[in-house]
Amino acid sequence: MSLLAASKLSVHFGGVKAVQEVSFTVREGEVFSIVGPNGAGKTTIFNLVSRIYDTTHGSIVFAGQDITQIATHKVAELGIARTFQNTELFERETVLNNLLIGCHIHRKTSLLEELFFLPSVKRQELKFREAVEDVIDLLDLQSYRDKIIGSLPYGVRKMVEIARALCTRPKLLLLDEPSSGLNPEETEDLSFWLEDINQDLGITIIMVEHDMNLVSQASHRVMALADGQLITIGSPQEVQSHPQVLRAYLGD
Amino acid sequence: MRYIRKTSYLQDIRLVQHRGHLLWYGLALLVVFTGPLWLDRYLVGEFALVFIYAIAGLGLMLLVGYTGLVSLGHAAFLAIGAYTHAYLLNLGVPLPVAMFAASLFSALVGGLVGIPTLRMTGIYLAVATLAFAVIVEQVLVHWESVTGGFRGMAVPKPEFLGLDISSPAAFYFLCLAILLGSMVLVMNLLRSPTGRAMTAVRDSETSAESMGVNLARTKVLVFALSAAFTGLAGALFAHRLSYLAPDAFTLITSIQLLLMVVVGGLGSLHGVIFGAIFIGLLPQGIAIFRDAAPTAVAQIPGLEPAIFGAMLILVLIYEPLGIYGRWCKIRLFFEEFPLYRKSTYKRQKSFLRTERLH
């Protein structure tokens, strides 16, 4: 069953056609990778799915619901969480507070309850904290819990961002270059974690990735893009040996 | 060094996190509660003003320090609170009701101002709020039937349940009680989802939105809350002035309020208190200095704004986290003595920012 279906997706910025008529479907439970040279439109597709950009033509359907026009902040509530290419964490806050913001969409308390910190708010905070601790456990972030983001190394920030996305309890996780800036060891850990997230938590993953090892290790299917156009969708091996993909990367 | 053993999640939620807090904040409370006993009558009045500034500062800190939105128009909310309060008192409304109404009306106006400014940040927002303050100032001048225009408007003496609370000590306690109440509300807010949403908006709008934070709602809400606290402070300020006139709520007042949160330390409630003490007592300090200094120095006109300005510049250059930042360093120095390393707080340059979408 398809969780996300994009059909004839296009976005134009003035004369620049960043994405042109790209159609793809992502099945529930799979790891779907998007590859392509710089400027191929990979991140743009993420920004379309998470509604940061408006789609010019085409439609995006998530779990049977058309999300092409919904408000940006509603996307998380539907169950789509994302990370950013260069990390967009709340830098002056602790790791813990960053992760707690991931729980924001599950809040049920009103402003008045919060101003007086009624027992309902306290209970909710404890519940959030437990959910956050589960994610901290999963991704081994215990030692960073009370650290300010601004003081953390880049590799840890990347993981905190994935953790924050997981705290929203998403159905679909969009990872924008999760391995960029990680050393080989961290990248290897990442591939195990991706497997855990995908299989144990049952979260469907779409990732933009340049590291072909990681892509072929972790993903079920791969979509290759070049200059905003779809080249092919297939298994990692098929895509890697596809002549047009080779041409896109290496030139004629 | 203090190491805190954590055995329950509640420890991170409580307002008083460990015994040290209890001791030091308890002592601080003791000092302020016994203030009128050992303070000079004149200074009691001055400290009441410090409390009033602190209440307004709480409101402005929510907006500037926690949500990252600048306002150069908070004198307007102070004025709205003060005039609403005085107007209602003159109609015979009891003090608590008038005060609540003043705060609520200010919040309403704050929310309305928040809506058109949703898409603005930084300098544009500062200019927009400045424009709003100018409009309010003009309204105060020209809506004579309500505000009395330039003639001004008398503020009845504060009175509650037949009790006269206009003596400096009674007014001191009234301001203190309202300040403490407001602080608890703000601290509660900051440890719940709405408070976190505010800091999220400050640090990265894009990712806050992707985490499901409704930007528009959060910003309008913060504007309203900020105006509510400032309006409340305005109501008390009216009693302090005892006669309202538009020239008490000018651009200078707005700048002083902003100066208070910046010098105190953006993004901390300690900063509000430090800033309020700074703003409230510096004029006295300058006056004392004028008395002591040689005549040639003491008679320089405009010494006060010059010193305020110089302080702001120095703080921005050398201590961007304000007095609170300096406070943290001094505290760490003693906690880690003799192992304090100067570079602990060295600012690092980072080159990791995503290209902004706005």
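User: In this predicted model, what makes helix H5 (residues 74–90) and helix H12 (residues 215–241) of chain B oblique to each other?

Analyst: Their axes cross at roughly 55° and come within 7 Å. Angles under 35 degrees count as roughly parallel and 65 to 115 as roughly perpendicular. The angle of H5(B) and H12(B) falls in neither range, so the two helices are oblique.

User: Which hand does the crossing of H5(B) and H12(B) have, and which residues meet there?

Analyst: H5(B) passes H12(B) in a right-handed crossing. On the H5(B) side the residues include B:His74, B:Phe77, B:Gly81 and B:His85. Among those they meet in H12(B) are B:Ala227, B:Thr230, B:Gly234 and B:Phe237.

User: Which residues of H12(B) does B:Ile52 touch, and what else?

Analyst: Leaving aside neighbours within four places in sequence, B:Ile52 is in contact with B:Cys175, B:Ala233, B:Leu236, B:Phe237 and B:Arg240. Of these, B:Ala233 and B:Phe237 also take part in the meeting of H12(B) with H5(B).

User: Where does B:Ile52 stand in the largest nonpolar core?

Analyst: That core has 169 residues, and B:Ile52 is among those with the most contacts inside it, along with A:Ala163, B:Ile55 and B:Cys175. Helix H4 (residues 41–66) of chain B gives the largest share of the core, 18 residues.

User: How do you know that this core lies between domain 1 and domain 2 of chain A?

Analyst: Domain 1 (36–79) and domain 2 (88–169) both give residues to the core, so it lies between them. The centres of these two domains, taken over C-alpha atoms, are 25 Å apart.

User: How many residues make up each side of the contact between chain A and chain B, and which element gives most to the side of chain B?

Analyst: 37 residues of chain A are in contact with 29 residues of chain B. Helices H9, H10, H11 and H12 of chain B each supply at least two residues of the latter side. H10(B) gives the largest share, seven residues.

User: Why is A:Arg92 called partly exposed?

Analyst: A:Arg92 has 15 other C-beta atoms within 10 Å. Buried takes 20 or more and exposed takes 12 or fewer. The count for A:Arg92 lies in between, so the residue is partly exposed.

User: Where does A:Arg92 lie, and what is it in contact with?

Analyst: A:Arg92 is in the loop between strand S6 (80–82) and helix H3 (95–102) of chain A. Beyond its neighbours within four places in sequence, A:Arg92 is in contact with A:Ile148, A:Gly150, B:Asp203 and B:Gly267.

Key. Residues are numbered from 1 along each chain as its sequence is written. Chains are lettered from A and ligands numbered from 1 in the order in which they are written. This is a predicted model: local features need pLDDT of at least 70, side-chain atom pairs count only at pLDDT 80 or more; totals for chains, interfaces and linings use all residues. Domain bounds come from an automatic or database domain assignment. A nonpolar core is a set of buried Ala, Val, Leu, Ile, Met, Phe, Trp, Tyr and Cys residues joined through C-beta atoms within 7 Å. Helices (H or I, at least four residues) and strands (E, at least two) are DSSP runs, numbered from the N terminus. Two residues are in contact if their C-beta atoms, placed from the backbone, lie within 7 Å. Axes are lines fitted to C-alpha atoms, for helices over the stretch in contact, and angles run from 0 to 180 degrees between N-to-C directions. Angles under 35 degrees count as roughly parallel, over 145 as roughly antiparallel, 65 to 115 as roughly perpendicular and the rest as oblique. A crossing is left-handed if the near helix is turned anticlockwise from the far one by less than a right angle, and right-handed if clockwise.
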